[in-house]
Amino acid sequence: MEATEQLSFDFLTKKAYTPPSWASHLSPIPSHVFSLAHLPTPIHRWNLPNLPKNTRLWIKRDDLSGMQLSGNKVRKLEFLMADAVAQGSDCIITIGGIQSNHCRATAVAAKYLNLDCYLILRTSKVLVEKDPGLTGNLLVERLVGAHIELVSKEEYAKLGSVTLTNLLKEKLLKEGRRPYVIPVGGSNSLGTWGYIEATREIEQQLPTGTDEVGFDDIVVACGSGGTIAGLSLGSSLSKLNAKVHAFCVCDDPDYFYDYVQGLLDGLQAGVRSHDVVDIQNAKGLGYAVSTIEELNFLKEVAVSTGVVLDPVYSGKAAYGMIKDMAENPAKWEGKNILFIHTGGLLGLFDKVEEMGSLVGKWRKMDIDDSVSRKDGIGKMF
């Protein structure tokens, strides 16, 4: 046998799935999972300024789960895409905002698996009949050949994501296609397994022995509900046993308590969402709308720690966390906290004009006339 035939690569392979022992009572359990993410993602100390007394903060870098497929969405897609392939689908339909990280990740994952992808993207009514451009996530989506269907925010509000995806599904079925629909954010009960599995990963990353560290609290952004459903359920069932704090960036806490409850019930978990997760509002002016204070916070975090947060999800969650720490320091004092960075870097490119006034530190380099010069000495490779 040639040496190349002996090699074994896990990336983009479908494998049988075995759940953690503490999740084996959940139902249904996925039969297979696709390897789409670069895991485990690292955990490291995150020295944000102005933390409460004796509070220690770590960050789990799910923004490093890949480049094209980065962020929390890829963990859900590992299970959802395996189901799509098992059902013999030839194309994927999903839906989200005009700069949806989930839609970008889905488009890339679909092409990895030789499937077409149809994206329904929500935009303003004045732009719905115009070319959406190539900013941020749109560039990647269009580079990989995703079919873009634009819908106005007003139509979206009147019809809802389920009706819109079903309308496109029926159209494709009539054309002889075999579409598989993935909901907003990949957040259904099957997608929830992505962060049940992430909980096992965190468990395995915890040091043991004399350097043992346990987390008292986990903080994460919430945009569609699947990530916090998996994390909160996994944490409550496993030895992690940390309190999950979710900062929602759209809708409101009551909506997400109800939505997460539906996801938990879909797994026959037998727990109440109110008992396993604390949900707070962090949407500010609205979904994907940033205040100058929030954007300046992103800049200050990047300058002080080197960690670049996105403006839609983790940026608002971290901003909400620090605000809550300032207002309720006793709640956080002396705690070991893990913040989950869910990715979304490409969303920053949609905020270039708003952030222009916040960044600086550039100038033309000052080179004295006395410095010797010679044509051709500097090679511009």
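How do the residues of the lining of the largest pocket divide into nonpolar, polar and charged? They split into 21 nonpolar, 16 polar and eight charged. The legends below take a friendly tour of the open and enclosed spaces in this predicted model.

**View 1. The centre of the largest pocket.** Welcome to the largest pocket, which holds about 1200 Å³ of space. Its lining is made up of 45 residues, and those closest to the pocket centre are Gly96, Gly97, Ile98, Arg122 and Tyr287. If you are picking side chains to display, keep the class split in mind: 21 nonpolar, 16 polar and eight charged residues make up this lining.

**View 2. Helices and strands around the largest pocket.** Here we turn to the elements behind that lining. Two strands, β5 (91–97) and β6 (116–123), each supply at least two of the lining residues, and so do the helices α3 (101–112), α5 (153–159), α6 (161–174) and α9 (253–266). Among the contributors, α6 gives the most, with four residues.

**View 3. The second largest pocket.** Next comes a pocket with a volume of about 380 Å³, the second largest in the model. Nearest its centre you will find Lys15, Ser35, Leu39, Glu78 and Glu197, which belong to a lining of 19 residues. Sorted by class, the lining of this second largest pocket has eight nonpolar, four polar and seven charged residues.

**View 4. Elements that line the second largest pocket.** At least two lining residues come from each of β1 (14–16), β2 (32–34), α2 (73–86) and α7 (189–205). The largest share belongs to α7, with four residues.

**View 5. The largest cavity.** The structure also holds three cavities of 30 Å³ or more, and the largest cavity contains about 130 Å³ of space. It is lined by 18 residues, with Asn72, Lys73, Gly223, Thr227 and Tyr313 closest to its centre. Which elements give two or more residues to this lining? They are α2, β9 (217–222) and α8 (226–237). The most comes from α8, which gives three residues. Look, too, at the make-up of this lining: twelve residues are polar, four are nonpolar and two are charged.

**View 6. Helix α2 at two sites.** One last stop brings two of the earlier views together. Helix α2 supplies at least two residues of the lining of the second largest pocket, and α2 also gives two or more residues to the lining of the largest cavity.

Technical notes: Residues numbered from 1 in each chain as written. Predicted model: local features only at pLDDT ≥ 70, side-chain atom pairs only at ≥ 80, totals over all residues. Heavy atoms only, no water. 1 Å grid on protein atoms, 1.4 Å probe; cavity = no way out; pocket = protein on both sides within 12 Å on 5 of 7 lines; lining within 4 Å. Points joined across faces, edges and corners; volume = space filled by probe spheres on them. Nonpolar A, V, L, I, M, F, W, Y, C, P; charged D, E, K, R; others polar.
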